[in-house]
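User: I would like a close look at one part of this protein, followed by an account of how that part sits within the rest of the chain. Please take the time to connect the pieces.

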Amino acid sequence: MEIKVRELSNGVKIPVVGFGAYKIQNENDEACNVIKNAIKAGYRSIDTASFYENEEGVGKGIRESNIPREELFITTKVWIDDDGYENTLKAFDKSLERLGLDYIDLYLVHWPTENIKETWRAMEDLYRRKKVRAIGVCNCTIEQLESIIDFAEINPMVNQVELHPKRTEKELLKVCKRHNIVVEAWSPIMRGQLLSNEIIKNLAKKYNKSEVQIILRWHLQNEVIAIPKTKTLSRINENIDIFDFEISKDDMEKIDSINNDERMKPQAYENLYKVTKKEIV
């Protein structure tokens with residue numbers, strides 16, 4: 001299978017579909033085996049985080065896949081408890097050790113906090129020291145993203161956010177495009193909540209594809225990198241099989257019409273979206 005990629009602002013190439021490791025456990029080699037299955041299916045981008053507590057298993061799966069390291073794109077993230085300059089550097093070293101890797105392809109700030117300025121300084125240092133090939137953020141609003149750009153010496157290359165047909169984030173996509181920031185979607189199928197939607201179901205029949213494949217193709221055509229997650233082998237294979245069809249403009253608009261700006265866990269955003277431009281400038 002040919003691996004389709006996009007270029008980040010620094011020229012680093014990232015696969016257009018990733019494999020998410022959220023809620024995959026280290027125990028009983030689950031993470032190891034799931035990652036090996038994903039790589040065998042054709043995924044070359046693996047997304048984990050220190051918060052997921054499975055970096056050891058993910059790293060083991062990477063090593064046992066017997067795919068050359070340079071052919072893989074590995075992402076992990078620094079959690080809010082490790083924000084700030086020194087804490088971020090220490091957290092990175094721990095993630096690197098758990099993964100058993102020499103470098104990370106993409107290192108992300110998992111959530112913005114009031115210490116984002118110092119956290120980002122550490123991210124820039126890791127990038128300059130070639131410990132990471134690219135750096136970025138997660139869960140940043142337009143205001144937060146532009147605030148970071150105001151003080152950053154190196155702009156975020158990625159913004160990973162909750163994005164799916166019920167939360168299309170059209171304005172955020174425009175801002176990210178203007179700043180040459182690639183958008184990634186976590187929970188791109190809204191954890192299965194969209195599969196019973198009538199528009200999605202009808203389009204699945206029309207294109208002879210699954211509901212999940214319709215949604216992931218919608219992301220692809222919106223120039224959003226989707227990071228689906230599943231432990232089931234058949235779905236692992238299904239989720240990457242989205243390159244042999246195209247959704248028409250009219251049908252893309254039908255999917256867009258599902259949007260109601262819904263978040264899956266709004267309380268989490270209220271608790272963690274702490275940064276304002278005034279606080280960090």
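Is Glu-53 buried or exposed, and what is its relative accessibility?

Analyst: The model is a predicted one, and what follows should be read with that in mind. Glu-53 counts as exposed because its relative accessibility is 63%, and the cut-off for that class is over 50%. The residue is found in the loop between strand E4, residues 45-47, and helix H2, residues 55-64. Its backbone deserves attention as well, for Glu-53 has a positive phi of about 55° although it is not a glycine.

Glu-223 also has a positive phi, here of about 60°, and it too is not a glycine. Its place is in the loop between helix H8, residues 211-221, and strand E10, residues 225-227. With a relative accessible area of 45%, Glu-223 is classed as partly exposed. A positive phi of about 60° is also taken by Lys-130, which comes just after helix H4.

From the loop that holds Glu-53, one can go on to helix H2, where Arg-63 is found. Arg-63 is partly exposed, having a relative accessible area of 46%. Setting aside residues up to four places away in sequence, Arg-63 touches Leu-99 and Gly-100. To give a sense of distance across the model, the C-alpha atoms of Arg-63 and Ser-248 are separated by 40 Å, and these two residues are 185 residues apart along the chain.

Helix H8, which precedes the loop of Glu-223, contains Leu-220. The relative accessible area of Leu-220 is 19%, and the residue is therefore buried, since the limit for that class is under 20%. Apart from neighbours within four places in sequence, Leu-220 is in contact with Val-16, Ile-242 and Phe-243. Its C-alpha atom is separated by 20 Å from that of Asn-260, a residue 40 places away along the chain.

Helix H4 covers residues 116-128, and its geometry can be checked against a simple expectation: at 1.5 Å a residue its 13 residues should span 18 Å, and the end C-alpha atoms are indeed 18 Å apart, which agrees. Several of its residues are buried, namely Ile-116, Thr-119, Trp-120, Ala-122, Met-123, Glu-124, Asp-125 and Leu-126. The list includes the acidic residues Glu-124 and Asp-125, whereas Glu-53 counts as exposed.

Trp-120 of this helix leads on to Asn-155, which is in contact with Trp-120 and Ile-149 once neighbours within four places in sequence are left aside. The C-alpha atoms of Asn-155 and Trp-120 are separated by 9.5 Å, with their positions 35 residues apart along the chain counted as their separation. Asn-155 is found in the loop between helix H5, residues 142-151, and strand E8. At 30% relative accessibility, Asn-155 counts as partly exposed.

Strand E8 itself, residues 158-162, holds Val-161. Val-161 is buried, with a relative accessible area of 2%. The residues that Val-161 touches, not counting those up to four places away in sequence, are Asn-139, Cys-140, Leu-172, Val-183, Glu-184, Ala-185 and Trp-186. For one of these contacts, Asn-139, the C-alpha atom lies 4.6 Å from that of Val-161, although the two residues are 22 residues apart along the chain.

These local views can be set against the chain as a whole, which has 12 helices and 10 strands. For 281 residues a compact globule would have a radius of gyration near 19 Å, and the chain has 18 Å, which agrees. Along its principal axes, the C-alpha trace spans about 55 × 45 × 35 Å. Buried residues make up 55% of the chain, and Val-161 is one that is buried. Among contacts between residues at least 6 apart in sequence, 75% join residues at least 24 apart.

On the surface, the chain exposes about 12,800 Å², of which carbon and sulfur atoms supply 44%. The chain carries 43 positive and 47 negative side chains, and the centres of these two sets lie 2 Å apart. To return to the residue asked about, Glu-53 is exposed at 63% relative accessibility, in the loop between strand E4 and helix H2.

Conventions: Residues numbered from 1 in each chain as written. Predicted model: local features only at pLDDT ≥ 70, side-chain atom pairs only at ≥ 80, totals over all residues. Heavy atoms only, no water. Helix = DSSP H or I, 4+ residues; strand = E, 2+ residues; numbered from the N terminus. Expected span 1.5 Å × (residues − 1). Buried < 20%, exposed > 50% of the residue type's maximum accessible area, 1.4 Å probe, protein only. Rg over C-alpha atoms; globule rule 2.2 N^0.38 Å. Contact = heavy atoms within 4.5 Å. Areas by Shrake-Rupley, 256 points an atom, 1.4 Å probe, with all protein chains shown as cover. Lys, Arg positive; Asp, Glu negative; His and termini not counted. Charge placed at Lys NZ, Arg CZ, Asp CG, Glu CD.
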